[in-house]
Amino acid sequence: MKSIISLDHTSEAPKYQQIIQSIINAIDNNQLKIGDRLPSVNQVSDNTGIAPKTVMQAFRSLKQAGLVSAVQYKGFFVASTNTQSRHNIFVLFNSLTAYKEEIYESIKNTIAGKGTVNIYFHHNNVALFNTLLAQSNGKYTAYIIMPIKDKDIAASLKQLPQQKVYILDLGYRDWGARYPSVCQYFHEDIYQVLQQHLTKIRRKYNKLVLVMGPAFYNLKQIENGFRRFCRESGLRSAVVTHVGNKPLATGELYILVHDGDLVHLVKRITALSFKLGKDIGIISYNEIPIKEIAANGIATISTDFTKMGTNIINMVLNKKKQHLKNPCKLIERPSF
């Protein structure tokens with residue numbers, strides 16, 4: 001039994017949950033097959049020092065999940081090797097926006113029939129982030145996390161079962177190399193997208209303006225990629241926090257990170273009788289359905305959010321430890 005049940009007495013994960021996971025791991029590793037008898041409750045209790053009622057709690061949970069069956073006077077037996085049905089996944093987003101809803105829907109659709117998903121939001125609040133991780137510790141089979149750019153979250157991440165932590169969307173430089181991840185590579189994405197469309201940019205525009213908006217995790221990487229492109233291409237450029245009442249001029253191409261600036265800029269262009277996509281261009285970050293029709297069509301730099309959700313769940317289901325760069329492209333529309 002010692003080769004099957006693995007307990008970490010320093011972990012905050014409940015002991016019954018560790019027993020459940022040990023048996024699931026033994027099934028996944030072919031140490032246990034259908035029809036194999038599990039050690040008795042008393043044997044597990046004697047070998048681990050765990051109270052018999054705690055062992056029984058674990059066995060009953062496995063029975064309810066359909067992984068084991070009980071035969072009166074004989075004990076518990078492996079009834080199924082379909083451990084995927086046991087997936088119970090903790091998902092922690094920073095906030096719920098239109099494109100993150102798309103990620104979540106993709107996660108739910110990919111895990112459908114193979115497990116459940118519980119989603120939480122930390123709103124870039126370190127204290128809330130740490131509290132949510134502490135409360136979730138040991139209760140889930142995987143932890144999919146959009147991190148915060150703050151060194152104080154390191155301890156909370158380390159408290160979780162390290163082989164079950166996955167990083168999503170943000171922070172590949174800080175965390176994506178330490179844990180399996182599916183992330184955007186913001187510096188490379190903006191640089192490569194602009195480079196691919198350099199000929200069109202040179203033909204239509206004489207200045208690029210990056211409007212950064214409120215601070216967020218990878219904003220500096222976007223700025224660095226933008227500055228690299230402008231430096232190498234020799235194009236005039238500017239980086240501003242918001243458009244505000246900045247004078248607008250023909251031949252400017254605006255790249256907008258936040259949608260609040262998009263609404264403001266489109267209104268100003270219209271009020272000044274400029275023609276969007278001819279006099280002044282706009283490329284907005286993150287594809288959402290309304291941008292396809294707003295102002296006759298807003299061009300977007302966008303990653304594939306559906307693919308992001310699919311890839312992270314497939315990584316969990318297949319127990320892969322990868323560091324995937326999520327694909328990014330420019331969706332061309334009349335604003336560009």
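I began with a charged side chain and an aromatic ring: the charged end of Arg-228 sits over the ring of Tyr-191, at 3.7 Å from the ring's centre. I note at the outset that I am reading a predicted model.

**Aromatic pairs**

I then searched the whole structure for paired rings, and the search returned 10 aromatic pairs. The rings of Phe-186 and Phe-216 have centres 6.1 Å apart and planes at 75°, and because an angle over 60 degrees counts as edge-to-face, I entered this pair as edge-to-face. I looked up where the two partners lie: Phe-186 belongs to helix 8 (residues 186–196), while Phe-216 is in the loop between strand 8 (207–211) and helix 10 (219–233), so that the pair links parts of the chain 30 residues apart. Is each partner buried or exposed, or something in between? Phe-186 has 4% relative accessibility and therefore counts as buried, whereas Phe-216, at 28%, counts as partly exposed.

The next pair I wrote down was Tyr-205 with Phe-336, which is stacked, with 6.3 Å from centre to centre and 15° between the planes. This pair also links distant parts of the chain, since Tyr-205 is in the loop between helix 9 (198–204) and strand 8 and Phe-336 is in the segment after strand 14 (328–331), 131 residues apart. Both Tyr-205 and Phe-336 are buried. I also found a cluster, in which ring pairs link Phe-90, Tyr-120, Tyr-140 and Tyr-143.

**The mixed sheet**

In which order do the strands of the open sheet with mixed pairing run? I traced 6 strands in the order 9-8-10-11-12-14. Strand 9 (236–240) and strand 14 are the edge strands, each pairing on one side only, and the twist from one strand to the next averages 20°. Strand 8 and strand 9 run parallel and are joined by 5 bridges, and I noted Val-211 standing opposite Val-240 of strand 9. Helix 8 packs on this sheet, where it touches strand 8, strand 10 (252–256), strand 11 (280–285), strand 12 (299–303) and strand 14, and its direction makes about 45° with that of strand 14.

**The parallel sheet**

I followed another open sheet of 6 strands, this one with parallel pairing and the order 4-3-5-6-7-13. Strand 4 (115–121) and strand 13 (323–325) stand at its edges with a single partner strand each, so one side of each has no neighbour in the sheet. Neighbouring strands here are turned by 20° against each other on average, direction ignored. Within this sheet I checked strand 6 (residues 165–169) and strand 7 (residues 181–183), which pair in the parallel sense over 3 bridges, and I saw that Leu-168 stands opposite Val-182 in strand 7. Helix 4 (residues 98–111) lies across strand 3 (87–93), strand 4 and strand 6, running at about 175° to strand 3.

**Nonpolar cores**

Last, I asked which residues of the largest nonpolar core touch the most other members. Of its 48 residues, these are Ile-145, Leu-157, Leu-208, Phe-229 and Ile-255. I followed up Ile-255 and, leaving aside neighbours within four places in sequence, listed contacts that include Ile-190, Leu-194, Leu-208, Val-211, Phe-226, Ile-283, Tyr-285 and Ile-301. A second, separate core has 23 residues, among them Ile-89, Ile-111, Ile-288 and Ile-312.

Notes: Residues numbered from 1 in each chain as written. Predicted model: local features only at pLDDT ≥ 70, side-chain atom pairs only at ≥ 80, totals over all residues. Heavy atoms only, no water. Core = buried A, V, L, I, M, F, W, Y, C linked by side-chain atoms within 4.5 Å. Buried < 20%, exposed > 50% of the residue type's maximum accessible area, 1.4 Å probe, protein only. Contact = heavy atoms within 4.5 Å. Phe/Tyr/Trp six-rings, centres within 6.5 Å; stacked < 30°, edge-to-face > 60°. Helix = DSSP H or I, 4+ residues; strand = E, 2+ residues; numbered from the N terminus. Lys NZ or Arg CZ within 6 Å of the ring centre and 35° of its normal. Pairing = 2+ DSSP bridges. Axes fitted to C-alpha atoms, helices over the stretch in contact; angles between N-to-C directions.
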